[in-house]
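The exercises below are to be worked with the sequence and the 3D structure at hand. Each task is followed by a solution in steps.

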Amino acid sequence: MPVSHEAQNTRPQPPGPSRRPRARTVAICAFVFAVVTGLVLAVTLGGWPNGGDGPGEQRADGSSRPHKKPAPRRVWDRTPESLAAVGDSITRGFDACSLLADCTRVSWATGTADSVNSLARRLVSDPAGKSWNYAVSGAVMGDLPAQMRKAAARKPDMVTVMSGANDACRPSVARMTPVAGFRAGFREALHTLRSRAPRTQVYVSSVPNLQRLWQQGRKSPFGQQVWKLGICQSMLKNPRSTAPADQERRRQVQERVVAYNTVLRQECAKDLRCRYDNGAVFNYRFTAAELSNWDWFHPSQEGQRSLARLAYARITAERPAG
């Protein structure tokens with residue numbers, strides 16, 4: 001049957017070229033919208049399909065940040081059963097019993113005398129058999145590694161260190177141990193111990209306050225005469241002088257002692273089995289009665305007892321001061 005011209009005009013027309021790009025754009029937009037919506041829902045409902053904040057990012061504990069290594073814990077046993085001491089004449093009890101002689105039985109660290117009640121007597125069940133004194137009168141920090149090697153051979157539970165006074169007490173300010181050399185000596189001593197006795201604890205006393213020593217001894221006519229024999233001239237020379245040069249000399253010595261104590265604190269803090277006294281000895285306001293009547297420089301037996309008491313308080317504290 002012939003089709004009329006009017007019917008031909010009413011047939012559906014195929015989409016023209018101008019309609020196809022529009023359809024494609026709509027489809028792309030719909031796809032993008034679906035992807036974005038899916039991402040939003042995924043984050044809102046608990047993250048990516050694999051459980052993370054991004055593909056493969058989240059850990060089992062729910063954190064998307066990298067694991068931090070736990071800080072190492074400090075180890076400290078307040079009840080050691082054996083003890084070795086290293087250091088200088090203070091730990092040897094020099095001039096505490098008689099003139100120009102060591103007297104280790106009254107040492108603050110390892111002494112056996114009742115009058116002092118040393119650290120070993122307070123801590124160790126057998127102070128005579130389980131404590132050893134390797135300190136040397138006149139020693140400086142550079143001598144400490146050799147002493148520490150001897151102490152480490154005993155594998156003691158604890159080593160006490162009191163060293164540094166002789167590094168500042170020199171014939172002149174110019175001959176004091178440089179701070180860098182002092183640090184190197186202490187580091188080597190700790191390394192020596194750790195390489196031979198890794199579990200041994202270290203208790204470090206601060207360097208005594210030499211300016212306080214001068215302030216106490218300069219009042220004594222006998223002390224002034226004894227000091228002229230050559231004791232700690234960097235600090236004690238011309239003890240009654242107020243001349244600018246003498247005041248500056250004393251200031252430099254005191255500044256060096258403070259720097260030494262800073263080194264002890266910093267280096268000890270790097271060792272998990274080391275405890276510094278936080279300046280207890282340096283800050284202690286000792287009296288003339290706590291100085292030796294022989295030289296007005298070394299601790300008397302009363303002074304040794306005070307050092308033992310200070311050390312015991314720090315060693316047995318649940319947490320170090322400061």
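A residue is called buried when its relative accessible area is under 20%, and exposed when that value is over 50%. The model is predicted.

**Exercise 1. Burial and pairing of β3**

Task: Determine which residues lie on each side of strand β3, and whether the two faces are covered or open.

Solution.
Step 1. Strand β3 runs over residues 158–162.
Step 2. One side carries Met 158, Thr 160 and Met 162, and the other carries Val 159 and Val 161. These residues are all buried, and both faces of β3 are therefore covered.
Step 3. The count for β3 is accordingly five buried residues of five.
Step 4. Along its edges, β3 pairs with β1 in the parallel sense over five bridges. β3 also pairs in the parallel sense with strand β4 (residues 201–204), over four bridges.
Step 5. Individual partners fix the register: Met 158 of β3 stands opposite Leu 83, while Val 161 stands opposite Val 204 in β4.

**Exercise 2. The surroundings of β1**

Task: State which strands pair with β1, in what sense, and over how many bridges.

Solution.
Step 1. β1 covers residues 83–87, and five of its five residues are buried.
Step 2. Leu 83, Ala 85 and Gly 87 point to one side of β1, with Ala 84 and Val 86 on the other, and both faces are covered.
Step 3. One partner is strand β2 (residues 131–133), joined to β1 in the parallel sense over three bridges. Here Ala 84 has Trp 132 as its bridge partner.
Step 4. Another partner is β3, again parallel, with five bridges. In β3 the bridge partner of Val 86 is Val 161.

**Exercise 3. The length of α11**

Task: Check whether the end-to-end distance of helix α11 agrees or disagrees with the span expected from its number of residues.

Solution.
Step 1. Helix α11 comprises residues 244–269, which is 26 residues.
Step 2. The expected span is 1.5 Å times one less than the number of residues. For α11 this comes to 38 Å.
Step 3. The C-alpha atoms at the two ends of α11 are 38 Å apart, so the two values agree.
Step 4. Buried residues of α11 include Asp 246, Arg 249, Arg 250, Glu 267 and Cys 268.

**Exercise 4. Salt bridges of α11**

Task: Find which salt bridge partners Arg 249 and Glu 267 have, and place each partner.

Solution.
Step 1. The whole structure holds nine salt bridges.
Step 2. Arg 249 bridges to Asp 246, with 2.7 Å between the closest N and O atoms. Because the two residues are three apart in helix α11, about one helical turn separates them. In an α-helix there are 3.6 residues a turn, so residues three or four places apart point the same way.
Step 3. Both ends of this pair are buried: Arg 249 has a relative accessible area of 12%, and Asp 246 has 11%.
Step 4. Glu 267 forms a salt bridge with Arg 183, the closest N and O atoms again lying 2.7 Å apart. Arg 183 belongs to helix α7 (residues 179–196) and Glu 267 to α11, so this pair ties together parts that are 84 residues apart in sequence.
Step 5. Glu 267 counts as buried, at 5% relative accessibility.
Step 6. Glu 267 also bridges to Lys 270, at 3.1 Å between the closest N and O atoms. Lys 270 is exposed, with a relative accessible area of 56%. Through shared partners, Arg 183, Arg 187, Glu 267 and Lys 270 are joined into one network.

**Exercise 5. The largest cavity**

Task: Describe which residues and elements line the largest cavity, and what the residue classes are.

Solution.
Step 1. A search of the whole structure gives one cavity of 30 Å³ or more. The volume of the largest cavity is about 260 Å³.
Step 2. The lining has 19 residues, of which Pro 208, Phe 286, Leu 291, Phe 297 and Pro 299 are the closest to the centre.
Step 3. Two or more lining residues come from each of α8 (210–217) and α13 (301–315). The most come from α13, with four residues.
Step 4. By class, the lining holds 14 nonpolar residues, four polar and one charged.

**Exercise 6. A charged residue in β5**

Task: Decide whether Arg 275 is buried or exposed, and compare its separation from Arg 74 in sequence and in space.

Solution.
Step 1. Arg 275 is placed in strand β5 (residues 274–276).
Step 2. With 6% relative accessibility, Arg 275 counts as buried.
Step 3. Arg 275 and Arg 74 are 201 residues apart in sequence, but their C-alpha atoms are 9.5 Å apart in space.

How values were computed
Residues numbered from 1 in each chain as written. Predicted model: local features only at pLDDT ≥ 70, side-chain atom pairs only at ≥ 80, totals over all residues. Heavy atoms only, no water. Buried < 20%, exposed > 50% of the residue type's maximum accessible area, 1.4 Å probe, protein only. Pairing = 2+ DSSP bridges. Salt bridge = Lys/Arg side-chain N within 4 Å of Asp/Glu carboxyl O. 1 Å grid on protein atoms, 1.4 Å probe; cavity = no way out; pocket = protein on both sides within 12 Å on 5 of 7 lines; lining within 4 Å. Points joined across faces, edges and corners; volume = space filled by probe spheres on them. Nonpolar A, V, L, I, M, F, W, Y, C, P; charged D, E, K, R; others polar.
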